Amino acid sequence: MAGLMQVIYHSAARGEVHDADLARLLAKAREHNARLGVTGILLYSEGTFFQVLEGEADVLDGLMSVIAKDPRHTDIVTIIREPVARRSFADWTMGYAPLAPDDVGSIVGMSDFFGSNASFARLGSGRAKKLLAAFREGRWRSRIAGKVEPPPARVPAAAPPDFTFAFQPIIDAEAGAIVSYEALIRGARNEPAAQVLQRVGPAERHGFDEGCRSAAVDLAARLGLPCDLNLNFLPLSVETSQTSIASTLDTAQRCGIAPSRIVLEILESEIINDHDGFARAVNEHRGAGLRTAIDDFGAGYAGLNLLAEFLPDMIKLDMSLIRDVERKGPRQAIIRGVRQTCQDLGIDIIAEGVETPAEYAWLRGEGITLFQGRLFAHPAFEQLPPASFPSR
Ligand SMILES: Cc1cc2nc3c(=O)[nH]c(=O)nc-3n(C[C@H](O)[C@H](O)[C@H](O)COP(=O)(O)O)c2cc1C
């Protein structure tokens, strides 16, 4: 994770942009980027540039300050500047994708970039891909700024007390498959989480938190985890801003679980308590290839503007928004707004705490596909339970 960063921004072209201008710009950029070890892609549509750049942090910052002064565009809006574990565009010093064949004429490049069997499909499921898809669909004509900070120093983990885990599946209703299991802390005799956490003093919290995550990875692996794994930060452990993940990663490696299969859930209320600590945590994890989720989104009264500063890979809609949603107008309006925003930002939504077929039907009707709740499966003590997939 030595300093590889990804920057995504959009900007407004100054004046008309012709094929020949773009061809010149790209030729120079490719030659320059090849020397700098920078990769990425440039999109242009209707007066807006949208660019993904990847490279070593200091090199990228230098290049961005050159690009920012380029008189051919203005109003540069950074969507993301964050550490990444690997490049999405390793083959391209600067790919180019006209959004439609006639959009900017016949420039040589990847006019079929978004086509069914083209390069776009190879991008995996990362955020860059989702943002590119959002741009293609005509988003990003308005402005949202992102802000991130460098990762913190690591601290060693402490020995955890007596506990174990229950697991509850997260399902993809469209695919009819379990995509992940969330590890939920329990006492050794299946005591509820609150009872276990009560025994952990404030000074032990951080070490306990890290010990928990490693133990959850270890148990899930022993149970034959076939999919992703969602792990939680304990309340108040993000706030300490000592968010070491070293032992979680070590355990994952030992158990043969790739970092990209691990999703770290952070409570919305924790983020509100400690913006900077959360930003550091998110970046440290992202740099190691882990994904992040905001847990209980909608319960902490932070609202959507939280996403103007922190972009997780996914959010979990709090069950207070889900409960009886088919009968509650305001909840419906909020969920529709959150969904649109998340789509623009390349963030997946999980509806958690779904209990009734009516809640499920309404959410499915709104296009939500990822679910967790008793309707599908209860948490199972030291087991990876199957899920039932209701018909709509
Ligand atoms: C939208 C946009 C994207 C650009 N992307 C790159 C790029 O990826 N790499 C690059 O070297 N220059 C890029 N440029 C051009 C730089 O701003 C600058 O003109 C160029 O690096 C200067 O090169 P020179 O000093 O060799 O003439 C871009 C310009 C614009 C308007």
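## Helix H6 and the turn after it

Just after helix H6, Gly 256 takes a positive phi of about 75 degrees; helices here are DSSP runs of H or I with at least four residues, strands are runs of E with at least two, and both are numbered from the N terminus. This is a predicted model, in which local features need pLDDT of at least 70 and side-chain atom pairs count only at pLDDT 80 or more, while totals for chains, interfaces and linings use all residues. Residues are numbered from 1 along each chain as its sequence is written.

Within H6 (residues 246–254), Thr 248, Leu 249 and Ala 252 are buried, where buried means that 20 or more other C-beta atoms, placed from the backbone, lie within 10 Å of the residue's own, exposed means 12 or fewer, and partly exposed lies in between. These buried residues cover an arc of only 95 degrees around the axis, which puts them on the same side of H6, the arc being that of the directions from the helix axis to the C-beta atoms. An α-helix has 3.6 residues a turn, so residues three or four places apart point the same way. The buried residues of H6 pack against helix H5 (205–222) and strand S9 (262–267), with a contact defined by C-beta atoms, placed from the backbone, that lie within 7 Å.

## The chain as a whole

The chain holds 11 helices and 14 strands, and buried residues make up 40% of its 392 residues. Of the contacts in the chain with a separation of 6 or more, 72% are accounted for by residues 24 or more positions apart.

## Helix H3 and its strands

In helix H3 (residues 127–136), the buried residues are Arg 127, Ala 128, Leu 131, Leu 132 and Phe 135. Seen down the axis of H3, they fall within an arc of 135 degrees, so they line one face of the helix. They pack against strands S1 (4–13), S2 (39–45), S3 (48–56) and S4 (73–83).

Phe 50 is found in strand S3, and it counts as buried because it has 24 C-beta neighbours inside 10 Å. Its C-alpha atom is separated by 9.6 Å from that of Ile 76, although the two residues are 26 residues apart along the chain.

## Around the ligand

The ligand is surrounded by 17 residues, the closest being Ala 29, His 32, Phe 49, Asp 70 and Arg 72; a residue is near the ligand if its C-beta atom, placed from the backbone, lies within 6 Å of it. Helix H1 (19–36), strand S3 and helix H2 (57–68) each supply at least two residues of this shell, and H1 gives the most, with five residues.

## Strands S11, S12 and S13

Both faces of strand S12 (residues 348–351) are covered, since Asp 348 and Ile 350 on one side and Ile 349 and Ala 351 on the other are all buried. Strand S11 (residues 314–317) runs parallel to S12 and is joined to it by four bridges, where pairing requires that DSSP finds at least two bridges between the strands. In this pairing, Leu 317 stands opposite Ala 351.

S12 is also joined by two bridges to strand S13 (residues 370–371), and these strands run parallel, with Ala 351 standing opposite Phe 371. From S12 the chain crosses through helix H11 (residues 357–365) to S13 in a right-handed β-α-β crossover, a term meaning that, with the strands pointing away from the viewer, the path from the first strand over the helix to the second runs clockwise.

Technical notes:
Two residues are in contact if their C-beta atoms, placed from the backbone, lie within 7 Å.
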